[in-house]
Amino acid sequence: MIDQLFEFVQNHPLLVAAFALVLVAWIAYEIRSGGANGVTTSEATQLVNREDAVVLDVRDKNDFKAGHIAGARNIPQSSLDSRLGELEKYKGKPIIVACKHGQTAGVAMAKLTKAGFERVYKLKGGMTQWQTDGLPLVKK
């Protein structure tokens with residue numbers, strides 16, 4: 001098996017180099033975007049309990065009604081620009097952005113940071129991770 005791997009690498013050096021480059025770029029992207037301002041579900045819970053953090057759910061209205069974090073505010077990502085003023089009173093508090101899988105929260109996080117919010121975090125794994133960890137949801 002190892003012999004076949006070495007043979008493949010010798011016969012296709014450009015393909016292997018391209019794969020390695022994509023892999024390194026993907027890992028670097030994940031480290032930069034996910035690790036720096038991402039919080040786990042337990043860290044998010046601590047921020048809410050200790051520092052009265054605001055949870056901003058950027059999923060659409062139907063997903064929000066199907067289940068969300070207690071006390072979360074729902075502003076869909078598509079209308080965040082026009083409804084940013086609703087969050088002005090929370091500028092001094094930590095804001096945790098939650099989306100479905102933790103992949104689109106970065107866009108909302110960037111918009112909030114650009115608007116002057118200093119402590120903005122994204123929920124790693126999004127609401128999917130929240131449910132996987134068995135944490136409670138409010139359904140309306």
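Student: Two strands pair if DSSP finds at least two bridges between them. What counts as a helix or a strand here?
Tutor: Both are DSSP runs numbered from the N terminus: H or I over at least four residues for a helix, E over at least two for a strand.

Student: What kind of model is this?
Tutor: It is a predicted model, in which local features need pLDDT of at least 70 and side-chain atom pairs count only at pLDDT 80 or more, while totals for chains, interfaces and linings use all residues. Residues are numbered from 1 along each chain as its sequence is written, and side-chain values use heavy atoms, with hydrogens and water left out.

Student: OK. How many helices and strands does the chain have?
Tutor: Seven helices and five strands. Read from the N terminus, the order is α-α-β-α-β-α-β-α-β-α-β-α.

Student: What sheet do the strands make?
Tutor: An open one of five strands, in the order β1-β5-β4-β2-β3, with parallel pairing. The edges are β1 (38–39) and β3 (73–74), each of which pairs on one side only.

Student: What holds strands together in general?
Tutor: Strands of a sheet pair through backbone hydrogen bonds, either parallel or antiparallel.

Student: Back to this sheet. How many bridges join β4 to β5?
Tutor: Three, and the two strands run parallel. I96 has Y121 of β5 as its bridge partner, and V97 stands opposite K122 in β5.

Student: And which residue of β5 partners G38?
Tutor: K122 is the bridge partner of G38. Two bridges join β1 to β5, also in parallel.

Student: How many bridges are there between β2 and β4?
Tutor: Four, in the parallel sense, between residues 54–57 of β2 and residues 95–98 of β4. V54 is partnered with I95 of β4, and L56 with V97 of β4.

Student: Are the residues on the two faces of β4 buried or exposed?
Tutor: Buried, meaning under 20% relative accessible area; exposed is over 50%, partly exposed lies in between, and the calculation uses a 1.4 Å probe with protein chains only. On β4, I95 and V97 sit on one side, I96 and A98 on the other, and all of them are buried.

Student: What about the residues of β5?
Tutor: Strand β5 (residues 120–123) is covered on both faces too: V120 and K122 are buried on one side, Y121 and L123 on the other. So the lysine that stands opposite V97 is buried, while over the whole chain buried residues make up 32% of the 140.

Student: Switching to overall shape. What is the radius of gyration?
Tutor: The chain has 19 Å, whereas a compact globule of 140 residues would have a value near 14 Å. The radius is taken over C-alpha atoms, and the globule rule is 2.2 Å times the number of residues to the power 0.38. The C-alpha trace spans about 60 × 35 × 30 Å along its principal axes.

Student: How many charged side chains are there?
Tutor: There are 18 positive and 14 negative, and the centres of the two sets lie 9 Å apart. Lys and Arg count as positive and Asp and Glu as negative, leaving out His and the chain ends; each charge is placed at NZ of Lys, CZ of Arg, CG of Asp or CD of Glu.

Student: Where is F19?
Tutor: In helix α2 (residues 13–35). F19 is exposed, with a relative accessible area of 57%. From C-alpha to C-alpha, F19 and I69 are 39 Å apart in space and 50 residues apart in sequence.

Student: Which residue other than glycine has a positive phi?
Tutor: D52 has one, near 55 degrees. D52 lies in the loop between α3 (41–51) and β2, and D52 is partly exposed at 45% relative accessible area.

Student: Last one, E86. Which residues is E86 in contact with?
Tutor: R73 and I75, leaving aside neighbours within four places in sequence; contact means heavy atoms within 4.5 Å. E86 and I75 are 11 residues apart in sequence, with their C-alpha atoms 9.2 Å apart.

Student: And where does E86 sit?
Tutor: In the loop between α5 (80–83) and β4. E86 is partly exposed, with a relative accessible area of 30%.
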